[in-house]
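Subject: Structure for your review

Dear colleague,

I am handing over the structure we spoke about, with my notes set out after it. Please read the two side by side.

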There are 2 protein chains.
Amino acid sequence: MTRAQKTVSNIGDTVIVHESETLDQLFGYHLKRAMNVFQMDLKQTLKPFDLRMLTYTALVMIVENPGLRQSQLAHAMEVERPNMVVIIDTLENRELITRDPVVTDRRAYALNATLAGRRLAEKATIAVRTHEERLLHAVPPERRESVIAALTLIRTIGGGETT
Amino acid sequence: MTRAQKTVSNIGDTVIVHESETLDQLFGYHLKRAMNVFQMDLKQTLKPFDLRMLTYTALVMIVENPGLRQSQLAHAMEVERPNMVVIIDTLENRELITRDPVVTDRRAYALNATLAGRRLAEKATIAVRTHEERLLHAVPPERRESVIAALTLIRTIGGGETT
DNA sequence: TCAAAATTGTTATGACTTATAACTAAATGA
DNA sequence: TCATTTAGTTATAAGTCATAACAATTTTGA
């Protein structure tokens with residue numbers, strides 16, 4: 001049973017739902033279903049590192065963009081500023097990052113990863129890559145690239161985000 | 001500025017984040033970003049019909065699978081049963097669906113769409129398709145099919161859902 | 001047959017996520 | 001200078017999602 005064709009079928013006595021013709025034709029529906037799989041897997045993958053999706057993303061972004069401001073990070077991650085505070089708090093409390101003063105702007109903090117932060121990001125990323133590989137092993141690399149290109153195209157058009 | 005290459009660049013005096021090398025290499029990251037775009041758009045698209053993503057999905061599934069039970073729908077939508085109750089309540093209160101008794105099982109309800117429900121589903125679906133078209137217009141149909149096929153492949157492998 | 005187990009839908013509730021309003025401190029700029 | 005804007009924060013509300021427990025019913029198997 002590779003693809004769903006019928007909307008309903010019978011096994012013995014019980015009716016089993018097989019999706020919906022209409023929804024099956026919607027791109028966003030497939031996007032959501034695939035997203036669910038990735039999200040559940042990612043959650044489990046990050047659990048050993050005591051990271052959530054957002055804290056992981058923030059950590060990696062800080063590692064690769066030293067000196068980043070919270071507001072910039074919030075904007076990049078499409079997260080509201082107040083919510084970014086607690087994410088940063090979490091990472092700072094675990095001493096994975098530091099809030100350093102910015103000489104040119106005393107309101108702002110420059111975010112920097114500590115050595116522990118960089119190491120954790122590295123380890124977590126390896127785990128995430130491994131798990132992605134497991135999910136994607138049936139999709140050849142060039143297909144993956146093609147899909148990513150399509151997704152990026154969609155985002156840059158529909159999202160209005162120039163980044 | 002179509003694609004991000006550098007992680008950080010300077011415009012005038014302010015540092016601007018351009019994503020992250022590491023995250024950019026992750027399939028799930030692109031999936032999530034594209035998903036955000038779709039989700040925000042869908043939310044706006046369904047607002048005039050006073051439907052949310054889940055109520056829309058449930059309504060369409062009921063329209064196309066008459067007689068469906070709540071638990072079957074919950075399973076198909078990957079939603080917990082208690083949460084399905086409120087979704088069904090909402091649709092029933094608006095008289096878009098009915099909970100009909102099942103002669104063979106007095107515990108269960110057979111879900112059926114009313115005429116109003118079918119009409120609303122139809123109108124909403126047209127709107128959703130239109131909005132998807134706008135988001136996807138830069139992606140040629142065969143690319144879309146290819147992406148959907150890849151997403152389905154991922155789901156059937158990683159998700160474990162035979163459905 | 002009939003008691004135990006499982007299932008359907010439900011209620012109540014709590015955890016977690018995300019959004020909004022309002023505030024302080026600092027920077028900007030007319 | 002003084003009004004306006006911005007960075008970060010606090011408090012809080014709204015929204016989403018998951019868990020436990022329950023009544024009614026069906027199924028199971030001893």
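A residue is taken to be near a DNA strand if one of its heavy atoms lies within 4 Å of that strand. Please keep in mind throughout that this is a predicted model.

**DNA strand D**

In that sense, DNA strand D is surrounded by 18 residues, of which A:Gln70, A:Ser71, A:Arg99, A:Arg107 and B:Arg106 are the closest. By class, the surface near DNA strand D is made up of nine charged, six nonpolar and three polar residues. Where the protein comes within 4 Å of DNA strand D, 62% of the strand's atoms concerned are from sugar or phosphate, and the rest are from bases.

Several polar contacts to the phosphates can be listed individually. In the side chain of A:Gln70, an N or O atom is 2.6 Å from a phosphate oxygen of DNA strand D, while for A:Ser71 it is a backbone N or O atom that lies 2.6 Å from a phosphate oxygen of this strand. From chain B, a polar backbone atom of B:Arg106 is placed 2.9 Å from a phosphate oxygen of DNA strand D. The elements that contribute two or more residues to the surface near DNA strand D are H4, H5 and E4 of chain A, along with H5 and E4 of chain B.

**DNA strand C**

Around DNA strand C there are 18 residues, and those that come nearest are A:Arg52, B:Gln70, B:Ser71, B:Arg99 and B:Arg107. Of the atoms of DNA strand C that come within 4 Å of the protein, 62% belong to sugar and phosphate. The surface near DNA strand C divides into nine charged, six nonpolar and three polar residues.

Which atom of DNA strand C is 3.2 Å from an N or O atom in the side chain of A:Asn83? It is a base nitrogen of DNA strand C. Phosphate oxygens of DNA strand C are approached by a backbone N or O atom of A:Arg106, at 2.9 Å, and by a polar side-chain atom of B:Arg99, at 2.8 Å. Two or more residues of the surface near DNA strand C come from each of helix H5 (81–93) and strand E4 (105–113) of chain A, and from each of helix H4 (70–77), helix H5 (81–93) and strand E4 (105–113) of chain B.

**Helix packing within chain A**

In chain A, H4(A) packs against H5(A) with the axes 9 Å apart and at an angle of about 110 degrees, which means that H4(A) is roughly perpendicular to H5(A). On the H4(A) side the contact is made by A:Gln70, A:Ser71, A:Leu73, A:Ala74 and A:Met77, and on the H5(A) side by A:Arg81, A:Met84, A:Val85 and A:Ile88. The residues of this contact comprise six nonpolar, two polar and one charged. A:Gln70 and A:Ser71 therefore appear both in the contact of H4(A) with H5(A) and among the residues closest to DNA strand D.Helix H3 (residues 53–64) of chain A also meets helix H4 (residues 70–77) of chain A, their axes coming within 11 Å and crossing at roughly 120 degrees, so that H3(A) is oblique to H4(A). The crossing in which H3(A) passes H4(A) is right-handed. Here A:Leu54, A:Thr57, A:Ala58, A:Met61 and A:Ile62 of H3(A) meet A:Leu73, A:Ala76 and A:Met77 of H4(A), and these residues divide into seven nonpolar, one polar and no charged.

**Helix H2 of chain A with helix H2 of chain B**

Between the chains, the axes of helix H2 (residues 27–46) of chain A and helix H2 (residues 27–46) of chain B come within 10 Å and cross at roughly 135 degrees, so H2(A) is oblique to H2(B). H2(A) and H2(B) form a left-handed crossing. H2(A) gives A:Phe27, A:Gly28, A:Leu31, A:Lys32, A:Ala34, A:Met35 and A:Phe38 to the contact, and H2(B) gives B:Phe27, B:Gly28, B:Leu31, B:Lys32, B:Ala34, B:Met35 and B:Phe38. By class, the contact of H2(A) with H2(B) has ten nonpolar, two polar and two charged residues.

With best regards

Terms used. Residues numbered from 1 in each chain as written. Chains lettered and ligands numbered in written order. Predicted model: local features only at pLDDT ≥ 70, side-chain atom pairs only at ≥ 80, totals over all residues. Heavy atoms only, no water. Axes fitted to C-alpha atoms, helices over the stretch in contact; angles between N-to-C directions. Helix = DSSP H or I, 4+ residues; strand = E, 2+ residues; numbered from the N terminus. Parallel < 35°, antiparallel > 145°, perpendicular 65-115°, else oblique. Left-handed = near helix turned anticlockwise from the far one by under 90°. Contact = heavy atoms within 4.5 Å. Nonpolar A, V, L, I, M, F, W, Y, C, P; charged D, E, K, R; others polar. Polar contact = N/O pair within 3.5 Å; in protein donor to acceptor, adjacent residues only side chain to side chain.
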